[in-house]
Amino acid sequence: MDTALRSTGFVRRGHVWLQDRGDGVSGWLGFGVAGSLDLTPLAGVCFRRYDEVCRALGVGIPGTPVVSAPLGHLMGDKPVWRWTFEPGGDHAAVASSLVSAFVKHGVPYIDKYAKWDALAEELVAKPESLLDFERARKLAIVHVLNGNTGAAGDVLKRECERVADSADVYARSHRAFAHRFSLVFAAKDDGRIRRTLF
């Protein structure tokens, strides 16, 4: 994969490949592995400023994409969901096929979302595009990065109300996140976040 990706500017960093887009933005390519030789590519976009807020809140893993999608999902007609590297097979040809599909379908996805304003606007307009368990957290961070701590507090408050009667892992985790969020950002917004959440 390193050889096949070399011309694209994606460089291996641990278990993923990153492409520096400047201004703290990186294209991201990761793989879900089924068995030992089947790769399911995922394309995504990382933002250093998003990672910095996550670090301040004690959540997330640095270098994890804000948005990502399986390459097969991006391919439309006749998607390929995994590339199989057979023992003794032509691995260079499989890697070349994977990279060609990634350049054709994954890179345009990265191009679209590598601009913070476009990504933030779409996530706020279509919050349902985010997974249920990450929606409130990601939207709150997006709002903070856009300078709107009030909207962030509103998102977290609604989710706290939605899970108020639940004691499952997600509900406890969300309440803990909302509390940390109020502590980190209350001083930056004269306490509005704290008043909104609690």
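Which element gives the most to the lining of the largest pocket? In this predicted model, that element is α6, which contributes four residues to the lining. The largest pocket holds about 420 Å³ of space, and its lining is made up of 22 residues, among which V66, V67, S68, E134 and K138 lie nearest the centre of the pocket. Besides α6 (132-145), the elements that give two or more residues to this lining are α2 (48-57), β5 (67-70), α4 (91-113) and α5 (116-125). When the lining of the largest pocket is sorted by class, 13 residues are nonpolar, four are polar and five are charged.

Two of the helices that line the pocket, α5 and α2, also pack against α6, and each of these pairs can be described in turn. Two packed helices are described by the angle between their axes and by the distance between those axes. For α5 and α6, the angle is about 135° and the axes lie 10 Å apart. This angle makes α5 oblique to α6, because angles over 145 degrees would count as roughly antiparallel, whereas those from 65 to 115 would count as roughly perpendicular. The crossing in which α5 passes α6 is left-handed.

For α2 and α6, the axes are likewise 10 Å apart, while the angle at which the two helices pack is about 115°. That angle makes α2 roughly perpendicular to α6, and the crossing in which α2 passes α6 is right-handed. The two helices therefore pass α6 with crossings of opposite hand, left-handed for α5 and right-handed for α2, and they are also classed differently by angle, α5 being oblique to α6 and α2 roughly perpendicular to α6.

Attention may then be turned to the backbone in two loops. In the loop between β2 (16-22) and β3 (25-34) lies D23, a residue other than glycine whose phi is nevertheless positive, with a value near 55°. D23 has a relative accessible area of 72% and is therefore exposed, since the class of exposed residues begins over 50%. A positive phi is also found at K78, again a residue other than glycine, where the value is near 50°. K78 belongs to the loop between α3 (71-74) and β6 (83-84), and because its relative accessibility is 78%, K78 likewise counts as exposed.

Notes. Residues are numbered from 1 along each chain as its sequence is written. This is a predicted model: local features need pLDDT of at least 70, side-chain atom pairs count only at pLDDT 80 or more; totals for chains, interfaces and linings use all residues. Side-chain values use heavy atoms; hydrogens and water are left out. On a 1 Å grid over the protein atoms alone, a cavity is a set of points where a 1.4 Å probe fits but cannot get out, and a pocket is an open set with protein on both sides within 12 Å along at least five of seven lines; lining residues have an atom within 4 Å of a point. Grid points are joined across faces, edges and corners, and a volume is the space filled by probe spheres set on the points. Ala, Val, Leu, Ile, Met, Phe, Trp, Tyr, Cys and Pro count as nonpolar, Asp, Glu, Lys and Arg as charged, and the others, Gly among them, as polar. Buried means under 20% relative accessible area, exposed over 50%, partly exposed in between (1.4 Å probe, protein chains only). Axes are lines fitted to C-alpha atoms, for helices over the stretch in contact, and angles run from 0 to 180 degrees between N-to-C directions. Angles under 35 degrees count as roughly parallel, over 145 as roughly antiparallel, 65 to 115 as roughly perpendicular and the rest as oblique. A crossing is left-handed if the near helix is turned anticlockwise from the far one by less than a right angle, and right-handed if clockwise.
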